[in-house]
Amino acid sequence: MKHRYASRIGLVALLVLIASCATVNRPAAPVVPASLQVPTTQVLSLQAHAIGVQIYECQASHDDPTRFDWVFKAPEAQLFDHAGKPIIKHYAGPTWEASDGSTVVGEVTAKDNGPDPMAIPWLLLRAKSTSGHGSLSRTQSIQRLITVGGKAPTGGCGAALLGSEVRMHYTADYLFYRARS
């Protein structure tokens with residue numbers, strides 16, 4: 001009798017643990033600042049999770065050549081769909097190139113520091129140009145949200161490192177929007 005009771009308690013505890021793990025792994029949708037909202041004439045066409053690096057180069061300051069700073073050079077990331085399949089390459093431009101050959105080049109129109117002071121900012125970009133006939137060819141806006149990491153180092157850049165690069169790991173979610181049909 002005691003063994004059956006203990007087994008039921010163990011089973012209930014296991015079910016509670018599994019349920020709590022499932023809810024822990026599902027973060028709430030982020031609150032997107034008004035400055036990063038896309039026009040109501042656009043709809044979400046694609047969402048992907050990026051894993052990559054932000055590349056910074058040690059450069060002399062334009063105002064004071066004796067001061068050196070890490071300056072953003074380019075991103076380098078792979079974007080994955082909900083199933084974990086790589087679908088887009090992200091690189092300088094900023095450019096996103098889908099595996100179907102379509103591309104979009106963006107231009108930042110708004111920035112928000114986001115909730116994590118240790119992460120790169122959240123962005124709204126407009127499509128400056130597109131090419132190809134695929135998933136990105138009709139893109140009009142792009143949001144970069146839920147960023148983790150990627151910020152420039154806070155020091156260590158000096159004359160001895162002039163021209164050298166550092167690669168800071170980051171993750172983010174990218175949302176691509178097209179005109180409402």
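The legends below walk through several close-up views of this predicted model.

Because the model is predicted, local features need pLDDT of at least 70 and side-chain atom pairs count only at pLDDT 80 or more, while totals for chains, interfaces and linings use all residues. Residues are numbered from 1 along each chain as its sequence is written, and side-chain values use heavy atoms, with hydrogens and water left out.

**View 1. The whole chain, with one helix and eight strands.** The elements run α-β-β-β-β-β-β-β-β from the N terminus on; helices (H or I, at least four residues) and strands (E, at least two) are DSSP runs, numbered from the N terminus. Of the 181 residues, 34% count as buried. Here buried means under 20% relative accessible area, exposed means over 50%, and partly exposed is in between (1.4 Å probe, protein chains only). The accessible surface comes to about 11100 Å², with 60% of it belonging to carbon and sulfur atoms; the areas come from the Shrake-Rupley method with a 1.4 Å probe, and for residues only the protein chains shown count as cover. Among contacts between residues at least 6 apart in sequence, 62% join residues at least 24 apart, where contact means heavy atoms within 4.5 Å.

**View 2. The ring cluster of W96, Y174 and F176.** Three aromatic pairs are present in the structure. Rings of Phe, Tyr and Trp (its six-membered ring) pair if their centres lie within 6.5 Å; planes under 30 degrees apart count as stacked, over 60 as edge-to-face and the rest as tilted. The ring centres of W96 and Y174 are 5.7 Å apart and their planes stand at 65°, so this pair is edge-to-face. It links distant parts of the chain, with W96 in strand 4 (residues 95-98) and Y174 in strand 8 (residues 165-179), 78 residues apart. W96 is buried, at 1% relative accessible area, and Y174 is buried too, at 2% relative accessibility. W96 also pairs edge-to-face with F176, at 6.0 Å centre to centre and 85° between the planes. That second pair again links strand 4 to strand 8, across 80 residues.

**View 3. The surroundings of F176 in strand 8.** With a relative accessibility of 0%, F176 counts as buried. Leaving out residues up to four places away in sequence, F176 touches a list of residues that includes V43, L44, L79, I88, V104 and I142. L136 is also one of the residues it touches, and the C-alpha atoms of F176 and L136 are separated by 7.7 Å although they are 40 residues apart along the chain.

**View 4. The largest pocket, with a volume of about 380 Å³.** A look inside calls for the grid terms. On a 1 Å grid over the protein atoms alone, a pocket is an open set of points where a 1.4 Å probe fits, with protein on both sides within 12 Å along at least five of seven lines, and lining residues have an atom within 4 Å of a point. Grid points are joined across faces, edges and corners, and the volume is the space filled by probe spheres set on the points. The lining has 21 residues, and Q54, F72, V108, L123 and R144 lie nearest the centre. Strand 1 (42-60), strand 2 (68-80), strand 5 (103-112) and strand 6 (122-131) each supply at least two lining residues, and strand 2 gives the most, with four. By class, the lining has 14 nonpolar, three polar and four charged residues; Ala, Val, Leu, Ile, Met, Phe, Trp, Tyr, Cys and Pro count as nonpolar, Asp, Glu, Lys and Arg as charged, and the others, Gly among them, as polar.

**View 5. Two backbone details, at P94 and I146.** Most residues other than glycine have a negative phi, and most peptide bonds are trans. G93 and P94 are joined by a cis peptide bond, with omega about -10°. P94 sits in the loop between strand 3 (86-91) and strand 4. I146, in strand 7 (residues 139-149), has a positive phi near 50°. I146 is partly exposed, with a relative accessible area of 36%.

**View 6. A179 in strand 8, and P39 in the loop between helix 1 (2-24) and strand 1.** A179 is partly exposed, with a relative accessible area of 30%. Beyond its neighbours within four places in sequence, A179 is in contact with T41, Q42, V43, R138 and Q140. A179 and R138 are 41 residues apart in sequence, yet 7.6 Å apart in space, C-alpha to C-alpha. P39 counts as partly exposed at 39% relative accessibility, and its C-alpha atom is separated by 9.8 Å from that of Q140, 101 residues away along the chain.
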